[in-house]
Amino acid sequence: MTATMPDPKPETVRLTIDGTTVAVPKGTLVIEAARRVGVMIPHFCYHPKLKPDANCRMCLVEVEKMPKLQTACSTPVAEGMAVRTATTTVDDAHKSVLEFILANHPLDCPVCDQGGKCDLQDFSHQYTPTTSRFTETKRIFQKEYFSPLIETQMNRCVQCLRCVRYCDEIMDVKALAPVGRGTMTEIKHFGPHELDCEFCGGCIQICPVGAITSRLSMYEYRPWMLKRADTICTFCGDGCRITVQLNYKPITLQYPHEKRLLPDNYRGMLALLRYDDGTEKCVGCDLCEAACPSRVIRVVSGEVPGEPTKRYSKEYYMDMTRCLFCGLCVDACPVDALGMTREFEWAVYDKRQLHLNKQQLLAIGDRSFPVREKRLELQHPNVAFFNVTFTHLPQKEN
């Protein structure tokens, strides 16, 4: 396998944020550029792993030469841009947005499990007065049973749609959806039955307020009562770093870190390989499927017409969401048709991209293993001999 060339240095642009000049890669959003100079722009709907949505309107900023306020979470930086985040106009906009959000909020912080780590609570203390101009009756959603593990309180929801976008973009489950319009928007599941998903807990973790919480730990602790510890996830063999939070009970909460550096011995994506003439190495022997301890691989093989001693692979499927990265399939392959790469950083892929077919696996092999082995003259294209009576076949090199 040839050494990969280092990535070229990304193109950068220079801009000014509150009088501080900073250089960031082209395409960076204003909200991320502000973080680099220590400026925290308030927001609800933005998350680094989700596509920009700009529906909460909390991250409004002033941009020079633009007549109206712009959303920092969806505006990319430009050369020479001047951004102001702390002017009177910007502060008034933040206060107005929060006033509308709090108009229908139940103000039940003392009994809310999110109290102490709630973005709405923090921004309210920072921007809003102690009284409200709204005297109308608050809109109230009736309590509904959601699931045995997830508790919802839609009266606290700020319609940021983080939970819906996480379920759609990251998990690809599409179990949640917004229902209604305007102030009557609420997050619901589909159909009259309870929530039908994998209960990954991502919607609980990503909710910035107390609209979605865990039923397993309701009213049992406050955030400041938990102790934090970094550890390794034991769900699979990938070795992701996670943080666990503990109370007087064993583990109370756990959540993953953002991104991590890959070690040199990291076992990554599996790939199907070809010979130098373009023919596939896989011969449909099914040994990789038999060796896999977690049933990741499914091979559909067939016999070559008229030659019962030869087989080939019709289809090849891998469900990498279940892979333990043990390497047993690579060791079991008699013709070296499987290889492991280091090309996947799992944090940037959603679940859809981890269910791979034969053509996708071959494409990964073409990208990651440009140096190919020469096919033997004796070997039929795309097949191998499995009759042990053939003693004149060349031995496989170790």
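**View A. Pairing of strands β1 and β2 in the predicted model.** Strand β1, residues 12–17, pairs with β2 in the antiparallel sense over 6 bridges. The structure shown here and in the other views is a predicted model. Within this pair, Ile-17 stands opposite Thr-20 of β2.

**View B. The open sheet and its edges.** The sheet is open and is formed by 5 strands in the order β2-β1-β5-β3-β4. Pairing within the sheet is mixed. The edges are taken by β2 (20–25) and β4 (70–71). Each of these two strands has a single partner strand, so one side of each is left without a neighbour in the sheet.

**View C. Helix α2 on the sheet.** Helix α2 spans residues 88–102 and lies across two strands, β3 (60–63) and β5 (82–84). Relative to β3, helix α2 runs at about 160°.

**View D. Crossing of helices α2 and α3.** Helix α3 comprises residues 119–127, and its axis comes within 10 Å of the axis of α2. The two axes cross at roughly 130°. Angles over 145 degrees would count as roughly antiparallel and those from 65 to 115 as roughly perpendicular; α2 and α3 are therefore oblique to each other. Their crossing is left-handed.

**View E. Residues in the contact of α2 with α3.** From α2, the contact involves Asp-91, His-94, Lys-95, Leu-98, Ile-101 and Leu-102. These meet Leu-120, Phe-123, Ser-124 and Tyr-127 of α3. By class, the residues of this contact divide into 6 nonpolar, 2 polar and 2 charged.

Technical notes:
Residues numbered from 1 in each chain as written. Predicted model: local features only at pLDDT ≥ 70, side-chain atom pairs only at ≥ 80, totals over all residues. Heavy atoms only, no water. Pairing = 2+ DSSP bridges. Helix = DSSP H or I, 4+ residues; strand = E, 2+ residues; numbered from the N terminus. Contact = heavy atoms within 4.5 Å. Axes fitted to C-alpha atoms, helices over the stretch in contact; angles between N-to-C directions. Parallel < 35°, antiparallel > 145°, perpendicular 65-115°, else oblique. Left-handed = near helix turned anticlockwise from the far one by under 90°. Nonpolar A, V, L, I, M, F, W, Y, C, P; charged D, E, K, R; others polar.
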